[in-house]
Amino acid sequence: MENIINQIDKSRIPSHIAIIMDGNGRWAQKQSQQRIFGHQHGVEAVRRVIEAAAQAGVKFLTLYTFSTENWNRPKEEVDALMSLLVKAVHTELEKLKKNNVRLKAIGDLSALPQTCYEELQKALNETADDTGLTVVLALSYSGRTELENAVRQIAEKVEKAQLKASEISVQTIQNHLYDDTIPNPDILIRTGGECRISNFLLWQIAYTEMFFLPVMWPDFQKEDLWQVIYDFQSRERRFGKTGEQVRSH
């Protein structure tokens, strides 16, 4: 495992990796700790995966940080998560800037507590010109809500005669997502042993390669990410074509 990064074909690095960081709560419970203990250690895993992605040459890393459904968790846990997010963004900002990492966020950011929103906006603004790895935080995020918003915006343009219904295309929808500058993921990783998408990037993952890993998020190591990249490179991505068609190009 230690040498796995040296076995990766550097000419075929995935441009965008998205991760559902699952298993924090169960990891903590197995150690007879409160769920927030797992989330605290999950921040360390985030730090490792950002470093690993940058070392491998990945351009975009999207982390499912907090879903709209997560607001339904006990208030104590939600408050602790928001506090942890503020602290993590504040603590990591200088390191992100030093390493030329740009921070972006997608989701209903207006739903965040004011202090959390302000700390996030500060980090987004201060890293906006960085040109290395782009880390995208999916916060108060719902794939269905993203599509609902896109459909509403397009419908409003049709109502105002700014767009004809016959002109609506795949690209039209893509252009009305939260951030149309982020490419669709090449890889989706879910840790924690569950095998579902959980309302994450529903439009964007149409041809994404899926990896469902048993490792709990706080235990996720750099080598785990590099192993996924290595395995990804052995997969044949056909995008609806036959294998023969793909290999002939």
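Which residues does Phe-37 touch, not counting residues up to four places away in sequence? This tour of a predicted model returns to that residue after a view of the whole chain.

**The whole chain**

Begin with the complete chain in cartoon form. It contains 8 helices and 6 strands, and in sequence order these elements run β-α-α-β-α-β-α-β-α-α-β-β-α-α. Switch to the C-alpha trace, and the extent along the principal axes is about 55 × 45 × 35 Å. The radius of gyration is 19 Å, which agrees with the value near 18 Å for a compact globule of 249 residues.

Colour the chain next by relative accessibility. Of the 249 residues, 45% count as buried. On a surface representation, the exposed area comes to about 13,200 Å², with 49% of that area supplied by carbon and sulfur atoms. If contacts are displayed between residues at least 6 apart in sequence, 76% of them join residues at least 24 apart.

**Helix α2: Phe-37 and Val-49**

Select Phe-37, which is found in helix α2. Here is the reply to the opening question: leaving aside residues up to four places away in sequence, Phe-37 touches Trp-27, Ala-28 and Gln-31. The relative accessible area of Phe-37 is 22%, so this residue is classed as partly exposed. Now add Gln-7 to the selection and draw the C-alpha to C-alpha distance: the two residues are 30 apart in sequence and 35 Å apart in space.

Move along to Val-49, which also has its place in helix α2. Is Val-49 buried or exposed? Its relative accessibility is 1%, and Val-49 therefore counts as buried. Show the side chains around Val-49, again passing over residues up to four places away in sequence, and the contacts are Ile-19, Leu-61, Leu-63, Trp-217, Phe-220 and Leu-225. Then select Trp-226 together with Val-49. These two residues are 177 apart in sequence, and their C-alpha atoms are 9.5 Å apart in space.

**Helix α3: Glu-94**

The next stop is Glu-94, located in helix α3. Glu-94 has a relative accessible area of 51% and so is classed as exposed, the cut-off being over 50%. A C-alpha to C-alpha line from Glu-94 to Ile-20 covers 25 Å, for a separation of 74 residues in sequence.

**The largest pocket**

Keep helix α3 on display and turn to the largest pocket, which encloses about 1,100 Å³ of space. Its lining consists of 46 residues, and those closest to the pocket centre are Met-21, Asn-24, Tyr-64, Thr-65 and Phe-66. Select these five residues to centre the view on the pocket.

Which element supplies the largest share of the lining of the largest pocket? That element is α3, with 10 residues. To show the elements that each supply at least two lining residues, select α1 (24-30), α2 (35-56), β2 (60-67), α3 (75-98) and β4 (134-141). Colouring the lining by residue class gives 24 nonpolar, 11 polar and 11 charged residues.

**The largest cavity**

Hide the pocket and look inside the protein. How many cavities of 30 Å³ or more does the structure hold? There is 1 such cavity. The largest cavity contains about 110 Å³ of space. It is lined by 15 residues, and Ile-106, Asp-179, Ile-182, Leu-201 and Gln-204 are the closest to its centre. By class, the cavity lining has 8 nonpolar, 5 polar and 2 charged residues.

**Two loop residues with positive phi**

The last two stops concern backbone geometry. Select Ala-161, in the loop that joins α5 (143-159) to α6 (170-175). The phi angle of Ala-161 is near 60 degrees, a positive value in a residue other than glycine. Ala-161 counts as exposed because its relative accessibility is 67%.

Finish at Ser-198, in the loop between β5 (187-190) and β6 (209-212). For Ser-198, phi is near 55 degrees, and this too is a positive value in a residue other than glycine. Is Ser-198 buried, partly exposed or exposed? With a relative accessible area of 30%, Ser-198 is partly exposed.

How values were computed:
Residues numbered from 1 in each chain as written. Predicted model: local features only at pLDDT ≥ 70, side-chain atom pairs only at ≥ 80, totals over all residues. Heavy atoms only, no water. 1 Å grid on protein atoms, 1.4 Å probe; cavity = no way out; pocket = protein on both sides within 12 Å on 5 of 7 lines; lining within 4 Å. Points joined across faces, edges and corners; volume = space filled by probe spheres on them. Nonpolar A, V, L, I, M, F, W, Y, C, P; charged D, E, K, R; others polar. Helix = DSSP H or I, 4+ residues; strand = E, 2+ residues; numbered from the N terminus. Rg over C-alpha atoms; globule rule 2.2 N^0.38 Å. Buried < 20%, exposed > 50% of the residue type's maximum accessible area, 1.4 Å probe, protein only. Contact = heavy atoms within 4.5 Å. Areas by Shrake-Rupley, 256 points an atom, 1.4 Å probe, with all protein chains shown as cover.
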